[in-house]
Amino acid sequence: SFSASASASASNSDSLGYNSPSQNNNHSPNSPALQRSLTSAAASSGEGKSKRPTTVGELMRIQMRIPETVDSRVRRALLRIGGGLVGRRIESVVLPLELLQQLKQSDFTDQQEYDAWQKRNLKVLEAGLLLHPRVSLDKSNNASQRLRQIIHAALDRPIETGKNNESMQVLRSAVMSLASRSDGSFSDSCHWADVEMDLLYAADGQLAEVAKDAKATKDPDYSKILSSTLTSVLGWAEKRLLAYHDTFDSGNIYTMQGIVSLGVSAAKILVEDVSTEYRRKRKGEVDVARNRIDTYIRSSLRTAFAQADSSRRASKNQPNPLPVLAILAKDVGELAVHETKVFSPILKGWHPLAAGIMELTPDAVQVLRAADKLEKDLVQIAVEDAVDSEDGGKAIIREMPPYEAETAIANLVKGWIKTRVWNPQANQEGYAPSAVEILRIIDETLDAFFRLPIPTHPALLPDLMAGLDKCLQYYVMKAKSGCGTRNTYIPTMPALTRCEIGSKFQELCVRINTFHRIRSEMDVLEKRIITHLRNCESAHVEDFSNGLSKKFELTPSACVEGVQLLSEAVAYKIVFHDLSHVLWDGLYVGEPSSSRIDPLLQELERNLLIISETVHERVRTRIITDTMKASCDGFLLVLLAGGPSRAFSRQDSQIIEDDFKALKDLFWANGDGLPADLIDKFSSTVRGVLPLFRTDSESLIERFRRVTLETYGSSARSRLPLPPTSGQWNPTEPNTLLRVLCYRNDETASKFLKKTYNL
C-alpha cells in the first residue's frame, strides 16, 4: 500500500535524500545525550507562543537527525503528489516515480546533491521492480528491458524529469507497466516496494531497541508518547490477528509471522515497561506473548465457529439436509485441519500448544483420551437420534469418520521415542566421553516411557528398545572406529633378511572400560524393564512369557566385539609401537649377549602396571593375555625377520631360551599374574621354534630339504623353490626353517644360501 511504501521509503533516509546520521553529529540513536534532546524538545513544546506544538513526527525527525530543510522539501513533494490524486486511488501511486517528477534541481542546494538524490530514487525503482519484483519477471518483458536501459543511462547522465519531457514519459510508461502487474488476485494497487516482510522485521527490530530505552527511561512525557505509539501499532496488528482466518490466506500467509512478532513485541513493551500494574506483580506470573497468542487463537476460532454456525443454519433450508451433528463434525474437522496446517506452525513459536498435540506428554495423552471419549459419545448420540431411520443410522456414521485416538497415541509415542534417543555430552574419568551420560539418558527414557499414561506399554516397548539398542550399537561402533587393530602395529614382513608404525594407550584402555560398562548395564536395564512391566497396569501375563522381546540384541555383541578388537589393538600397540625402541630397534641387535631382553622387560612391566591400574578387573586379564601374545609374536619376529643387523650362532640359543623364560616369568609374576596353563597355551609357538636355534646347520638344511620336497613334490628335486613368507611360524614349515638358516652365523649356512638362492 501507499502508506506502507511511504513508511518504507521514510525509513530509508537515502531514498528521500536524508543525510546519513554520521554526517550530522556523533550521538548514537540511543545515547543519553539524544534522549535528553528528545526530552528537551518535548518539554519545550509548551514554552513561548511562537513555538509550534511538538508532534510525534517532529520527535521522530529529531531522533533520526533529519534537517528541517530536507523534511520541508519532502513534505512539499508529498503535498503536490496528494493534490494530483483526484479520481485516483492512493494505492495507484509509485512514490519514487512521483518524487522524481515533483522535485527539481532548484529544490536542492546544488547540482551534485540533486544528481545523487535522483540516482538513489532510480535505484529504489530498480530494486523494487527489477531485482525483487512482486511477480517474477519474464526475460522477454519489454518494460523491464526499457527500465533497465533508462536506469543505466541515468547513472552517467541525469534524466530530464519535466512532466511533458519524453524521457520522463518513457520512464513512467515502463515503471507503471511493471508496478501494475497482477499475480492473479484482484487488485488495482501498484507494487513497487514489496519488501513487506523486511519492513515488518525492521520495525520489529526497532521495537527491540525501543524496549531497551523504555527500561532505562523514566521520563513521563516519553512514556506517554511511547504508550500512544505502541497502542497504535498493537491495534494495527490485532485488527488482523483477532480474526486471522479472515485476514490471511495462501496469498499473504507469509506476512503473518512478521505481524504476530510486531504485535507481541508492542504488547510486551506496553505490559512490561509501561504498565505500572505489571511492576507490582512478579514477572514470572505474566507471560505476555503466550497470553496474546492465546487471545488471538480463541478469538479467531470463535469467529470461525460463528461463521460455520451461520452456514449450518442456512443448510437447514436446503433439500435433504444432513443431520446437524454430521455437519458439526465435518466443520470442526475441516477447521482443525486448516488451523493445524496453516496457522499453528507460525503461532507455536510463541505458544507451545498452538500447534495442537504434536508431541507426547502426559497432558497430551489425557487430551486424546478425552477426545476419544467425546467422539464415542457423539457417535452414540447420533445413532440414538437416527435409530428409527430406514438404515438405522448407518448414513450418519459414514459422515463421521473416526479419529482413532489410540492410533494417534501410538504414533505420538513412536515420535517421542525418536526424539528421546541420546545426545550425550558428559564425561567421567575411566570411561570414554559420553558413555555415562548415554546410560543415564537411557535409564531416564525408560522411566519416562513407563510414566506415560498410555494403555499400550507392552506393545510399544519393543520399538523403544530397538531404538535404544541401535543408538548404543552406533556409539560402540563409533568408539572403536579409528583405534586400529593388531595388524595396524605389526611391522611389514621383510623379505628374509631385512625389515625396517596414533591413538594414546590410555585412551584405548578407557574405551575398553566403556564397552564393558555398557555390556554390564544391559543386564541391569533388562531386569529394570521387567520390573517396570510388573508395575504397569496395562501389562498382562503373556507380556512376560516372551523374554527375548525384552532384551537388547545388537549392543551386547557389539560391546564384546569392541573389547576384543581394542584389547588386541592395545597389546600390539604397546609391543610393536610404544616399545619398538627396545624390541625392534634394540633386542639382539649386533652381539646378542650385549643386547638382551632386560630393557624390554622393564618397559613391559611399566605398561602392565598402567593396565592394572586403569582397566576394569573383569577385562584386565584379557588385555594382559593379549599383551603376552603380542610379546611372543614380537620375540619371534625379531628372531626370524629382524633384518641384517641380527645374526645368531648355536651358542646364542641358550641366551635366547633364558630370555624367553624371563619374558614368561614377567607375565606369571610369581603366581600373581596370568595362570601357568594360559601362559603355556599362548607361548607354544615360540617353544616349538626355539629348539631350531640350537640345532646344527647341517641338520637344519637336511630338514629344510625334506619338508620342501614334501610340500612341493618332485618338481623341487632339481631346484629348491623359495618358500613364501606366511608369518605362521612352525618348526615344520619351510619358510620358518629357511629364516633360521638366514640368521645362522656360520659358514655352512652361508654356503647353502649362496648356492641355492644366491643370498
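## Helices and rings: worked exercises

In this predicted model, helix α5 (residues 95-102) and helix α6 (residues 111-131) have axes that come within 9 Å and cross at roughly 155 degrees.

**Exercise 1.** Work out whether α5 and α6 are roughly parallel or roughly antiparallel to each other, and find the handedness of the crossing.

*Solution.* Start with what you need: two packed helices are described by the angle between their axes and the distance between the axes. The angle here is roughly 155 degrees, and angles over 145 count as roughly antiparallel. So α5 and α6 are roughly antiparallel. As for handedness, α5 passes α6 in a left-handed crossing.

**Exercise 2.** Put that helix pair in context: how many helices and strands does the chain have, and what share of its residues is buried?

*Solution.* Count the elements to begin with: there are 31 helices and zero strands in the chain. Next, burial: of the 759 residues, 42% are buried. To finish, take the surface: the chain exposes an accessible area of about 41200 Å², and carbon and sulfur atoms account for 51% of that.

**Exercise 3.** A search of the whole structure turns up twelve aromatic pairs. Classify the pair F108 and Y114, and say why it gets that label.

*Solution.* A pair of aromatic rings is described by the distance of the centres and the angle of the planes. For F108 and Y114, the centres are 5.4 Å apart and the planes are at 55 degrees, so this pair is tilted. Now check burial, where the cut-off is under 20% relative accessible area. F108 comes in at 7%, so F108 is buried. Y114 comes in at 6%, so Y114 is buried too.

**Exercise 4.** Do the same for Y244 and F343, then work out which helices the pair ties together.

*Solution.* Geometry comes before anything else: the ring centres of Y244 and F343 are 4.7 Å apart with 50 degrees between the planes, a tilted pair. Then place the residues. Y244 is in helix α11 (residues 244-247) and F343 is in helix α15 (residues 324-347), so the pair ties together parts 99 residues apart in sequence. Last, burial: Y244 has a relative accessible area of 0% and is buried. F343 also has 0% and is buried.

**Exercise 5.** Which residues do ring pairs link into a cluster, and which ring does the charged end of R646 sit over?

*Solution.* Follow the ring pairs and you get a cluster of Y588, F635, F648, F660 and F693. For R646, look at W584: the charged end of R646 sits over the W584 ring, 5.7 Å from its centre.

Key:
Residues are numbered from 1 along each chain as its sequence is written. This is a predicted model: local features need pLDDT of at least 70, side-chain atom pairs count only at pLDDT 80 or more; totals for chains, interfaces and linings use all residues. Side-chain values use heavy atoms; hydrogens and water are left out. Rings of Phe, Tyr and Trp (its six-membered ring) pair if their centres lie within 6.5 Å; planes under 30 degrees apart count as stacked, over 60 as edge-to-face and the rest as tilted. Buried means under 20% relative accessible area, exposed over 50%, partly exposed in between (1.4 Å probe, protein chains only). Helices (H or I, at least four residues) and strands (E, at least two) are DSSP runs, numbered from the N terminus. A charge sits over a ring if NZ of Lys or CZ of Arg is within 6 Å of the ring centre and within 35 degrees of the ring normal. Accessible areas come from the Shrake-Rupley method with a 1.4 Å probe; for residues, only the protein chains shown count as cover. Axes are lines fitted to C-alpha atoms, for helices over the stretch in contact, and angles run from 0 to 180 degrees between N-to-C directions. Angles under 35 degrees count as roughly parallel, over 145 as roughly antiparallel, 65 to 115 as roughly perpendicular and the rest as oblique. A crossing is left-handed if the near helix is turned anticlockwise from the far one by less than a right angle, and right-handed if clockwise.
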